[in-house]
2 protein chains.
Amino acid sequence: MDDSNLLETLKALADHNRLRILGLLARQPYAVEQLAALLDLRASTVSHHLARLAHAGLVSAQADGYYSVYRLELDTLQSTAQTLLTPENLEQLAEEVDLTAYDRRVLGEYLRDDGKLSEIPTQPRKRAVVFRHLLDAFKPGQQYSETQVDEILARFHPDAAPLRLELVRRGWLAREGSIYQRVQELRRGRDQSASWSVW
Amino acid sequence: MDDSNLLETLKALADHNRLRILGLLARQPYAVEQLAALLDLRASTVSHHLARLAHAGLVSAQADGYYSVYRLELDTLQSTAQTLLTPENLEQLAEEVDLTAYDRRVLGEYLRDDGKLSEIPTQPRKRAVVFRHLLDAFKPGQQYSETQVDEILARFHPDAAPLRLELVRRGWLAREGSIYQRVQELRRGRDQSASWSVW
DNA sequence: GATTCAATTCGATATATATCGAATTATTTC
DNA sequence: GAAATAATTCGATATATATCGAATTGAATC
């Protein structure tokens with residue numbers, strides 16, 4: 001079941017009378033006229049609901065004379081339910097979401113056109129984003145002297161030393177003696193690839 | 001999960017952006033501000049969606065300074081999904097539906113105030129309801145002569161013989177020699193108790 | 001204590017849709 | 001072929017709600 005199908009199916013399910021229709025059809029098939037009587041609704045209303053359910057594949061109609069006999073399509077319902085059961089399937093609901101959007105918004109707020117920082121945010125989440133951006137100025141595997149580190153950081157902010165200290169404190173820049181090096185992997189897990197808003 | 005909870009939960013699920021929120025929270029917890037950036041929505045809109053999801057128990061908030069960090073409540077989601085999986089649970093959605101409503105409507109249409117039939121419907125479903133009503137004039141276990149049967153049926157319609165023949169043809173009235181008797185069980189299955197609109 | 005900030009609440013608006021009655025269609029019966 | 005019947009479609013209306021911006025609240029920082 002793909003995402004837009006799931007949404008349509010859930011919208012079809014999210015109605016009091018349509019749930020009652022499904023409850024009735026779970027017992028036995030019914031014609032429109034009968035459902036209308038059982039639910040105390042007009043036939044046109046029931047027909048509308050059934051069309052909605054049929055569009056989602058939750059019920060199907062079979063012609064019998066001028067009756068339409070509707071039956072429950074249990075398989076569709078169960079595959080919808082299965083989609084909601086596992087976290088892996090849920091994650092796909094946000095598949096097309098650009099996970100860098102928050103980071104880009106924060107950087108847009110604190111980074112001037114010349115690439116320098118207008119200020120350092122104090123809020124932990126935003127601060128983490130900014131320092132992750134600083135880290136991106138260092139190549140993995142390359143070794144830097146303290147002077148080189150500060151030169152690079154000075155491109156972002158005149159007072160480089162506190163930036164360097166915080167990068168080390170965060171564990172993102174490793175120091176051995178007088179040699180600095182970017183750590184290879186910041187964090188195990190799913191948020192390493194796209195969003196750096198870790199706290 | 002009871003019925004009204006299920007409806008509220010399904011309504012909470014039946015929205016594009018709320019599904020995307022759940023997809024994101026399936027990966028990791030997020031603050032409102034972050035979700036708003038990722039989904040390109042105002043914070044007030046996201047807050048509204050989260051309140052709706054939280055009301056259904058699908059997410060929960062934890063205060064962290066002036067941040068509200070929301071996380072997915074997987075258990076609620078899975079118990080909702082479980083409700084949709086089995087036909088037995090589905091039938092409960094129509095629990096409070098009066099299954100005799102259709103039969104009563106049909107009888108109201110064809111039965112006059114004095115209990116006599118104004119006419120015999122030709123449509124199979126309605127005809128079945130009327131004949132089921134005729135059958136109810138006979139006690140289970142009791143034996144009737146053909147004359148007695150026709151006397152009883154004449155209370156509904158002057159031309160009793162065709163009614164008797166059709167009751168026998170439907171297998172609802174059993175005849176052995178010249179003795180008639182109501183069959184004990186019309187039909188195995190769930191519709192015997194309430195609705196006789198069988199065809 | 002004043003200011004800043006994230007979240008929530010509130011009011012307004014636009015869109016979706018649940019429901020009905022009337023008109024139409026398809027099928028059966030007379 | 002004409003009348004009756006169930007279902008569907010259509011038009012109208014009322015309700016629900018998704019979204020935003022503004023105002024408010026609660027908490028952290030200076």
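Which elements of chain A and chain B each supply at least two residues of the surface near DNA strand C? In this predicted model, chain A brings α4 to that surface, while chain B brings α3 (32-39), α4 and β3 (67-72). The biggest giver here is α4(B), which puts in 6 residues.

Let's stay with DNA strand C for a moment. It has 28 residues around it, and the closest come from both chains: S44(A) and T45(A) on one side of the list, A31(B), E33(B) and S44(B) on the other. Sort the surface near DNA strand C by class and you get 10 nonpolar, 12 polar and 6 charged residues.

Now hop over to DNA strand D. Here chain A supplies α3 (32-39), α4 (43-55) and β3 (67-72), and chain B supplies α4 (43-55), each with at least two residues. This time α4(A) gives the most, again with 6 residues. Among the 28 residues around DNA strand D, the nearest are A31(A), E33(A), S44(A), S44(B) and T45(B). As for the classes, the surface near DNA strand D holds 10 nonpolar, 12 polar and 6 charged residues.

So how do the two protein chains relate to each other? Turn chain B by 180 degrees, with 0.0 Å of shift along the axis, and it lands on chain A with an RMSD of 0.1 Å. That's the relation of a two-fold axis. Both copies use the same surface, too: 100% of the contact residues of chain B turn up again in chain A. And if you'd like to find the rotation axis from chain B, look for A81(B), the residue of that chain closest to it, with its C-alpha at 2.3 Å.

Key. Residues are numbered from 1 along each chain as its sequence is written. Chains are lettered from A and ligands numbered from 1 in the order in which they are written. This is a predicted model: local features need pLDDT of at least 70, side-chain atom pairs count only at pLDDT 80 or more; totals for chains, interfaces and linings use all residues. A residue is near a molecule or strand if its C-beta atom, placed from the backbone, lies within 6 Å of it. Helices (H or I, at least four residues) and strands (E, at least two) are DSSP runs, numbered from the N terminus. Ala, Val, Leu, Ile, Met, Phe, Trp, Tyr, Cys and Pro count as nonpolar, Asp, Glu, Lys and Arg as charged, and the others, Gly among them, as polar. Copies are superposed by least squares on the C-alpha atoms of residues with pLDDT of at least 70 in both. Two residues are in contact if their C-beta atoms, placed from the backbone, lie within 7 Å.
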